[in-house]
Amino acid sequence: MYAKMREEHGPVVPVQLEPGVRGWLVTDYSTLISWCRDTTAFTHDPRLWKDYAEGRVDDSAAVVPMMAPRPNALFTDGAEHQRYRRAISDSFGVVSEQHLASVTREIADSLVDTFCERGEGDLLNEFARLLPLLVMSVVFGMDEDCALRFARASRDMWTGVDAERANAEAERALSETVSLKHRAPGDDVTSRLVQHRAALTDEEVIMQMLLMVTAANEPTANLINSTLRAALTEADRDPARYRTDGELSALVDRVLWQDPPITNYPVIYPRVDVPVGGGRTIGAGSPILLGFAAANRFFAEENADHIAESANRAHVAWGAGPHRCPARDQAVTIATAAVRTVLNRLPSLRLAVPPEELRWNLTGLSWVPVSLPTAFDPQTPLSRATVEGTHWSPSESPRETSEPKRPTSGRSPLSSLSSFLGKFLRGS
């Protein structure tokens, strides 16, 4: 697909994001990096999106929740962007790799327990798309009710199920979490955002949280899915070999080159008209999608010998320039721990259909599978004592008082992670 587009239009392609929503897609590696670094000619601020500002794109358009202006680090530049990004980096950076991996393993085990006895499972929709949301609910210190509501709303936003309502519900759940942390702060990302020296307003805290969780979820889920799919489809390879750190790390690096988790996002806007050859000009305020997948592919094809010689990490899977993803290491940690858990828990794991029969969903912003059906030898779920540690403790603070609750070594303040997952999956 990308090759044909590039052959017809060159490295910058005119596209229609959805009916009536026009834009451009940059597929050239060098051009993409250059434009991402050029903060004079280009901006991430959607307030410059001309068609939207002038009413030619309605709020009901499916792409609007992912492109409309918000006061967060993704949609701002300059000092405003630096203020938001510093708050995000300081608040999330405190979460250690060991703790993040431990929380991920616990939740991954509980998710696997929901389908392992069947001997089959959809590792995209029953595992990969749920896990990052639940991990982030833990590290952000959400209580059970807010975590359930936010997880469902986020899932609906990404799948396009009543996106406007889902967005409002997600913001309400985050707003309640912020209010709770004002009364009773804890050792969590939300409390650190509220207390950060950047002095964010509550709206700004909510917008950074919404960005961090929803923008991180789908890419991390895609990375988990792509890594599992690669492990299961490589010719003459035993997926069990990827249980080792070195082999799994090398596989993740290959996936970031060949099947990056973000396809055509985020969006930049030229401040001035930009000529792109062939008598074509990108008008000021026109949305330009960053085609990370295409840029990686063409660069890798043109430099195949060099890349094959070593573990080259010059891919643009996480972006480039000042807006390069600040949580890329955390995303890799979550994905690696999740994939290792699946491979350890499900012997003889294999695709349930031939690779060419996997179905895909193509939108203006992404290209992802509809499902990842797998089969394996049926397994007994882990014992309750094994999976119910103390990690799933989203809120150590009671609603009724501003006094923090004392930590304990006993049961989580939630009924249990297994109970939480049951409620989430049942929609109750």
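Helix α8 spans residues 131-139, and 9 of its 9 residues are buried, so the helix is largely enclosed by the rest of the structure. Here a helix is a DSSP run of H or I with at least four residues, a strand is a run of E with at least two, and both are numbered from the N terminus. Buried stands for under 20% relative accessible area, exposed for over 50%, and partly exposed for what lies in between, with a 1.4 Å probe and protein chains only. The buried residues of α8 are L131, P132, L133, L134, V135, M136, S137, V138 and V139. After α8 comes G141, with a positive phi near 70°.

The model is predicted: local features need pLDDT of at least 70, side-chain atom pairs count only at pLDDT 80 or more, and totals for chains, interfaces and linings use all residues. Residues are numbered from 1 along each chain as its sequence is written, and side-chain values use heavy atoms, with hydrogens and water left out.

In soluble globular proteins, nonpolar side chains tend to be buried together. A nonpolar core is a set of buried Ala, Val, Leu, Ile, Met, Phe, Trp, Tyr and Cys residues joined through side-chain atoms within 4.5 Å. The largest such core holds 117 residues, of which W35, F127, L131, F140, F150, L193 and I224 touch the most other members. Helix α12 (residues 202-233) gives the most to this core, with 15 residues. Contact is taken as heavy atoms within 4.5 Å. Apart from neighbours within four places in sequence, F150 is in contact with L133, M142, A170, A173, L174, L210, V213 and T214.

Helix α12 also contains R229, which counts as buried at 10% relative accessibility. Not counting residues up to four places away in sequence, R229 touches D259, L358, W360, P369 and L372.

W35 also appears in the lining of the largest cavity, together with C36, D38, T39, F42, T43, H44, D77, P322 and H323. A cavity is a set of points, on a 1 Å grid over the protein atoms alone, where a 1.4 Å probe fits but cannot get out; lining residues have an atom within 4 Å of a point. The whole structure has 1 cavity of 30 Å³ or more, and the largest cavity encloses about 40 Å³ of space. Grid points are joined across faces, edges and corners, and the volume is the space filled by probe spheres set on the points. Both α2 (29-37) and β3 (42-43) supply at least two residues of this lining.

An open sheet of 3 strands follows the order β4-β12-β9, with antiparallel pairing. Strands β4 (120-122) and β9 (350-351) stand at the edges with a single partner strand each, so one side of each has no neighbour in the sheet. Two strands pair if DSSP finds at least two bridges between them; β4 and β12 (residues 373-375) are joined by 3 bridges. Within this pair, G121 stands opposite T374.

Most residues other than glycine have a negative phi, and most peptide bonds are trans. A199, in the loop between α11 (189-195) and α12, has a positive phi near 55° and is exposed, with a relative accessible area of 54%. S348, in the loop between α16 (328-345) and β9, has a positive phi of about 60° and is partly exposed at 38%. A cis peptide bond, with omega about 5°, joins Y265 and P266, and P266 lies in strand β5 (residues 264-270).

Key. 1 Å grid on protein atoms, 1.4 Å probe; cavity = no way out; pocket = protein on both sides within 12 Å on 5 of 7 lines; lining within 4 Å.
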